[in-house]
Amino acid sequence: MLVSIDPTIAEKLIEISGKSKGEFTELFLNFITLEYDIRPVLYLGNRTIYRTPEEAFEKLTKNDEAYTCIKLNTVGHKPEVDNETTKIFICPFSGKVFGNNMFLHPEDVIYEWVMNCPENKVGKSGMKERRFYVSEDPKLISSYKKEEVVETKEVFKSISSKKLFLSQEDAIEDVKKSLKPMSISEVVSQKKHKLDDDFIELLQKVLDEDYTQQVFDAMLSCEGLKGITSKWESL
C-alpha cells in the first residue's frame, strides 16, 4: 500500500508542527490521527480506550455498557424531599427516597434504612446488600415532589457515573460527558487501560515498520512539508 500525503493534511501538519520541534515521530502520530480520524477517548466504565467518541458510544450502547433501565417502587414510602433538595438517595429495594438537605448525614440515614429494609433479603453470602442509588438529576428529584399515580417509576442509570436520571436522553448525555479525551501519544505510551479491538487492529496496521517507512518517504516527497523534512536525517 503506497502512502501519499493529502495537501489538506500537509497544511494541518505544518500548522501543528509550528508548536513543536517537527520531529518525525511526533509528525507521524499527528499524521495518522488526521488520516484515520483518530480522536481517542477513555471510558472508565469498562476502562477501555476507543478510536473516537462516536465509535465508543455506539459500541457501549450495543453492548449494554452505557446505561441500564431500572424500575423503582413508588408506593408505601413517602419521599423525604422538598424544594431545596439537590441530591437524593434511593433504596433499591423499597424505593424509599431521602433528600440531601433533610438530614444532617443523609448517607448514614440511607445506609441504615437499606440495612434494615425488609425487602433487602439476605443473599447467598449470608448478608444483606449494602447499596443504594444516588441522583442529582433535577427532573428526577422534582418527580418525587409530586404525588405518584403509578406503582413503579422507570429511570435510567448511567454506568459510568452510577447516577440515576429520569430520562434516557439525560443518561446518554452523562455517558458522553464521561468520555475522557486522550492524545495518540498518551494512548501508545500507556499500559493501564485496554484498547478496543478495532482500535488495536488499526494501530497495529499504522505502527507497522513498513508502513512507518512509507509515511516517512511520503513526507520527504511532499512539497508542502519540505520546510520540516529538510531538517531530518535519514532513518
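Begin by selecting phenylalanine 28, which lies in helix 2 (residues 24-35). Helices (H or I, at least four residues) and strands (E, at least two) are DSSP runs, numbered from the N terminus. The model is a predicted one, in which local features need pLDDT of at least 70 and side-chain atom pairs count only at pLDDT 80 or more, while totals for chains, interfaces and linings use all residues. Residues are numbered from 1 along each chain as its sequence is written, and side-chain values use heavy atoms, with hydrogens and water left out.

**Stop 1: around phenylalanine 28**

Is phenylalanine 28 buried or exposed? Its relative accessibility is 5%, so phenylalanine 28 counts as buried. Here buried means under 20% relative accessible area, exposed means over 50%, and partly exposed lies in between (1.4 Å probe, protein chains only).

Next, display the residues that phenylalanine 28 touches: Val206, Leu207, Tyr211, Thr212, Val215 and Met219, not counting residues up to four places away in sequence. Contact means heavy atoms within 4.5 Å. Add Phe24 and Phe216 to the selection, since with Phe28 they form one aromatic cluster. For a sense of scale, select isoleucine 90 as well: the C-alpha atoms of phenylalanine 28 and isoleucine 90 are separated by 51 Å, and the two residues are 62 residues apart along the chain.

**Stop 2: aromatic pairs**

A pair of aromatic rings is described by the distance of the centres and the angle of the planes. Rings of Phe, Tyr and Trp (its six-membered ring) pair if their centres lie within 6.5 Å; planes under 30 degrees apart count as stacked, over 60 as edge-to-face and the rest as tilted. By this rule the structure has 7 aromatic pairs.

Select tyrosine 67 and phenylalanine 156. Their ring centres are 6.2 Å apart and their planes stand at 75°, so this pair is edge-to-face. It links distant parts of the chain, with tyrosine 67 in strand 3 (residues 67-73) and phenylalanine 156 in strand 7 (residues 152-158), 89 residues apart. Both tyrosine 67 and phenylalanine 156 are buried.

Then move to phenylalanine 98 and phenylalanine 103. With centres 5.6 Å apart and planes at 65°, their rings also make an edge-to-face pair. Phenylalanine 98 is buried, at a relative accessible area of 3%, whereas phenylalanine 103, at 25%, counts as partly exposed.

**Stop 3: charges over rings**

Keep phenylalanine 98 on display and add lysine 96, which lies over the face of that ring at 5.3 Å from its centre. A charge sits over a ring if NZ of Lys or CZ of Arg is within 6 Å of the ring centre and within 35 degrees of the ring normal. Now select tyrosine 144 and lysine 153: the charged end of lysine 153 sits over the ring of tyrosine 144, 4.5 Å from its centre.

**Stop 4: strands 3, 7 and 8**

Switch to a cartoon view and find strand 7. Strand 3 and strand 7 run antiparallel and are joined by 7 bridges; two strands pair if DSSP finds at least two bridges between them. Asparagine 73 stands opposite threonine 152 in strand 7.

Strand 7 also runs antiparallel to strand 8, with 2 bridges joining them. Which residue in strand 8 is the bridge partner of phenylalanine 156? The partner is phenylalanine 165. In the hairpin of strand 7 and strand 8, which has 5 residues between the strands, select lysine 162, which takes a positive phi near 65°.

**Stop 5: salt bridges**

Side chains of opposite charge can pair when their charged atoms come close. A salt bridge is a side-chain nitrogen of Lys or Arg within 4 Å of a carboxyl oxygen of Asp or Glu, and the structure holds 11 of them.

Select aspartate 196 and lysine 59, whose side chains meet in a salt bridge (2.7 Å, N to O). Aspartate 196 lies in the loop between strand 10 (194-195) and helix 8 (197-206) and lysine 59 in helix 3 (residues 53-62), so the pair ties together parts that are 137 residues apart in sequence. Both aspartate 196 and lysine 59 are buried.

Next, select arginine 39 and aspartate 37, which form a salt bridge of 2.9 Å, N to O. Arginine 39 is partly exposed at 35% relative accessibility, and aspartate 37 is partly exposed at 36%. Extend the selection to Arg51, Glu54 and Glu55, which are linked with Asp37 and Arg39 in a network of salt bridges.

**Last stop: confidence**

Finally, colour the chain by pLDDT, the predictor's confidence in each residue, from 0 to 100. The chain averages 90, and 94% of the residues score at least 70. Among the elements of the chain, strand 8 (residues 164-165) has the highest mean pLDDT (98) and helix 10 (residues 226-229) the lowest (81).
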